[in-house]
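Welcome! Here are a few short exercises, each followed by a worked solution. Have a look at the model first, then follow the steps.

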Amino acid sequence: MAVAATKEAKKRSQAQLLTQIGEKYLNEGQASEALESWQAATEIYRQLGYQEGIIGTLINQNLALQALGLNHLACDTLVEALKLDADAKICTISSQQSTESLTKPLITAIDKQKHLPVNLFAWHNLGDVLRLIGKLDESKVVLTKTLSIARQMPSINTSEILLSLANTEEAIYQQARNKYYEVEEPDFKNEIVVLIQEQALNSLEVYQQVFQVSTISPITQLKSQLHHLSLLINFEKWLTAELNSGNQQLIEIRNQIQQQIQPSVDKVVKNSSAFSDLSATQLVYAKLNFAQSLSQIPEEQLRSLALEYGQSALQTAKSTSNLRIKSYSLGTLGKLQPEKSEAYFVEALNLAQSAGRPHLIY
């Protein structure tokens, strides 16, 4: 009996170590290695029959799959973690399947499960992945329901779930914008103009709610501030284009949005110490996000700041083995410095060729 207990304790320690190694790999931008570590940890937990360990490591696997851009596989992994019906085609994009036929079973499944922190974390991740694969209505339903339950549990910080919900609201806004350019019928186009405004303002409001959560961490605050700024700039550009095409009804709302842009920049700069708390990969994407936003504001001082952040992101990217973020950093700097764009392009191409990565070369 004592020998069996010692064996089990050793296996559990091994799984915990593999989980920690996986976290280290992911923070360093080595998603493939992180996935292998977490798959090995999941296998050990299966042998032990330890359900919470299985769920936790499957959630981790999903994070590695997302980092690799394998969002459908990440979705399937979360369906397995949550023990959802694999035949329900939750992760399948189908034009024939109505949104309601999926959202109702999802709400029922959330209600039926024990409201444990690990389960809510899995649902939170599923909401994120559903957004990434384009199932925006389902993402919104899952995140809204998860947030509602989390608010009743004092041990759970709701700011991250709120941020995910705001990101989904923003994705719905972007979807409406894309639809606007595909439509020619005037009445339908006018309806979409109203929808775009409502959705943009709703998204901005949810980002504001994130800032108001008392337990918000500096990292979550920074992520939300970056998204908020990016959305303000994007929405202001669309409003300006509409005004230029003759829709003068939008002038007041455009002016209101313009007045919020500089204060939004100032908030990110004030919270800039939080950049150093991010993992290498997150740091690169966050700094490039900020650089791209700054570069779109017609002020010379902010353009210089954009270049600083872009170059800083590239230095961090070069310190990792992640070719994707190195390539993305070079591409972004090429946009920030058109006069040097060819040199950045050649460097990115050489990098991809030396690593034998055809998709990056393409």
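A residue is called buried when its relative accessible area is under 20%, exposed when that area is over 50%, and partly exposed in between. Keep in mind that this is a predicted model.

**Exercise 1. Decide whether D111 is buried, partly exposed or exposed, and find out what its side chain pairs with.**

Step 1. The relative accessibility of D111 is 40%, so this residue counts as partly exposed.

Step 2. The side chain of D111 meets that of K145 in a salt bridge, with 3.0 Å from N to O.

Step 3. D111 belongs to helix α5 (residues 99-112) and K145 to helix α7 (residues 136-150), so their pairing ties together parts that are 34 residues apart in sequence.

Step 4. K145, with a relative accessible area of 24%, is partly exposed too.

**Exercise 2. Work out which helices are tied together by the salt bridge between E80 and R46.**

Step 1. Begin with the general idea: side chains of opposite charge can pair when their charged atoms come close.

Step 2. In the salt bridge of E80 and R46, the N to O distance is 2.6 Å.

Step 3. Now place the two partners: E80 sits in helix α4 (residues 71-81), while R46 sits in helix α2 (residues 31-48), so the pair links parts that are 34 residues apart in sequence.

Step 4. Check the exposure of each partner. E80 has a relative accessible area of 40% and is partly exposed; R46, at 38%, is partly exposed as well.

**Exercise 3. Describe the salt bridge between K318 and E347, and say where each partner lies.**

Step 1. The closest N and O atoms of K318 and E347 are 2.9 Å apart.

Step 2. K318 lies in helix α13 (residues 300-318) and E347 in helix α15 (residues 341-355), so this pair ties together parts that are 29 residues apart in sequence.

Step 3. K318 is partly exposed, at 42% relative accessible area, and E347 is partly exposed, at 33%.

Step 4. To put these pairs in context, the structure holds 7 salt bridges.

**Exercise 4. Is S164 buried or exposed, and which residues does S164 touch?**

Step 1. Locate S164 in helix α8 (residues 159-182).

Step 2. The relative accessible area of S164 is 5%, so S164 is buried.

Step 3. Leaving aside residues up to four places away in sequence, S164 touches H124, D128, R131 and L143.

Terms used
Residues numbered from 1 in each chain as written. Predicted model: local features only at pLDDT ≥ 70, side-chain atom pairs only at ≥ 80, totals over all residues. Heavy atoms only, no water. Salt bridge = Lys/Arg side-chain N within 4 Å of Asp/Glu carboxyl O. Helix = DSSP H or I, 4+ residues; strand = E, 2+ residues; numbered from the N terminus. Buried < 20%, exposed > 50% of the residue type's maximum accessible area, 1.4 Å probe, protein only. Contact = heavy atoms within 4.5 Å.
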